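Please consider the model shown below and follow the account of its strands, barrels, pocket and charged contacts.

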Amino acid sequence: MADPFQPEISATVQPRQEDVAFDLDKVLSSVVSLTSQVPLDAHSAATLGPERQGNGVLIRDDLVLTVGYLITEAETIWLIGNNGKATLAHAVGSDQATGFALVQALQPLDLPPIELGNSAALSVGERVIVAGHGGRNQAIKARVITKQEFAGYWEYVLDEAIFTAPAHPNWGGTAIIAGDGTLRGIGSLFVQEGPPGNAPVDGNMVIPIDLLKPILDDIMQYGSTKQPPRPWLGMSTMEADEKLVVASLSKGGPAQMADIRIGDFVIEIAGEQVDSLAGMFRRIWSLGSAGVEVPLTIYRDGALIGVNVQSGNRADRLKSPRLH
């Protein structure tokens, strides 16, 4: 088969059936539209909004995989398939460490689930399809431009995320489909990233599907993994000029209660110097589970200050999913 994908990673091109060896329309029909409504007083409403729209991917028995921020604290979730069928759904559970979430359709979607593939087998430069709900019109040809660590200011780290380009315009919960028609990841973010030595391009950060496999049964049974929750500080931190600066604080969160302030520079965690987001978060998490005291050394107004933050469990701040 001739090379079906253009090597450029800036052009947006829809896939065609002749490009692939699998039934393109059948595989794309596993991607559904997901809309959620969140109470205005929910903890996440101020940052993520009370109404959220994205995608989900049917992986088995009317079970839909998506990205967590789309359904966090949702009281109503609607799914719509390419067949036009709409149904209410409820949140099964989520995993804050990976960012995955599962929702269950309350009526049969009458759609074929997609097969889970092996994200570790994806190589840089490999061609994939990034698909949102809507069939070929909402799918684009893309390439894996790099696989590397990702750290988010909201206390989130992936040891190896997948980065694809060009960017999908409705990236949240998209399916990343490999050349064999299997699901290799779920789209999470819009980013500007590039292969080593190249200028950044608009693309998407993708959560690798391999991270789901060890935790899938736990989420289905318990609503989360059985791992102890990580300590949460409620402190958004940014890297700036090789320094770590506090950019925002969760109202009433552990860091704010300990008098951490916006503009503080984080120098050490428990006596160990930190100079990257990923390193800071891993050092915090190494101290124990949620509730552990986290000693910080910060720089403020020309002086080093020691502050002990009594960490919390992020999940305790969130409203429980509403069951229909």
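**A guided reading of the model**

Across the whole structure, a search finds 13 salt bridges, a salt bridge being a side-chain nitrogen of Lys or Arg within 4 Å of a carboxyl oxygen of Asp or Glu. The model is predicted, with pLDDT of at least 70 needed for local features and 80 or more for side-chain atom pairs, whereas totals for chains, interfaces and linings use all residues. Residues are numbered from 1 along each chain as its sequence is written, and side-chain values use heavy atoms, with hydrogens and water left out.

One of these salt bridges is formed by D19 and K141, whose closest N and O atoms are 3.0 Å apart. D19 belongs to the segment before α1 (24–28) and K141 to strand β8, so this pair ties together parts that are 122 residues apart in sequence. The element names refer to DSSP runs numbered from the N terminus, helices being H or I with at least four residues and strands E with at least two.

Two barrels may be followed next. Strands of a sheet pair through backbone hydrogen bonds, either parallel or antiparallel. Here, two strands are taken as paired if DSSP finds at least two bridges between them. A closed barrel of six strands follows the order β1-β2-β3-β6-β5-β4, with antiparallel pairing. Neighbouring strands of this sheet are turned by 40° against each other on average, direction ignored; axes are lines fitted to C-alpha atoms, for helices over the stretch in contact, and angles run from 0 to 180 degrees between N-to-C directions. Within this barrel, β1 (residues 31–37) and β2 (residues 51–60) are antiparallel and share seven bridges; V32 has G56 in β2 as its bridge partner.

Six strands also close into a barrel in the order β7-β8-β9-β12-β11-β10, again with antiparallel pairing. From one strand to the next, the twist averages 50°. Helix α5 packs on this sheet and touches β8 (139–152) and β9, its direction making about 145° with that of β9; contact means heavy atoms within 4.5 Å. In the same barrel order, β11 (residues 183–193) and β12 (residues 201–208) run antiparallel and are joined by eight bridges, with L189 opposite M205 in β12.

Which elements give two or more residues to the lining of the second largest pocket? This pocket holds about 340 Å³ of space and is lined by 17 residues, among which V157, L158, D159, E160 and L211 lie nearest its centre. The elements in question are β9 (156–165) and α5 (277–285), and β9 gives the most, with five residues. The lining divides into eight nonpolar, two polar and seven charged residues. In this classification Ala, Val, Leu, Ile, Met, Phe, Trp, Tyr, Cys and Pro are nonpolar, Asp, Glu, Lys and Arg charged, and the others, Gly among them, polar. A pocket is an open set of points on a 1 Å grid over the protein atoms alone where a 1.4 Å probe fits, with protein on both sides within 12 Å along at least five of seven lines; lining residues have an atom within 4 Å of a point. Points are joined across faces, edges and corners, and the volume is the space filled by probe spheres set on them.

Two hairpins remain. Strands β13 (residues 235–240) and β14 (residues 243–249) pair in the antiparallel sense over six bridges, E239 having L244 as its partner in β14. Two residues lie between these strands, and D241 takes a positive phi near 50°. Similarly, β15 and β16 (residues 272–273) run antiparallel with two bridges, I269 standing opposite E272, and A270 takes a positive phi near 50° in their hairpin. Strand β15 (residues 265–269) also pairs antiparallel with β17 (residues 293–300) over four bridges, where V266 has I298 as its bridge partner.
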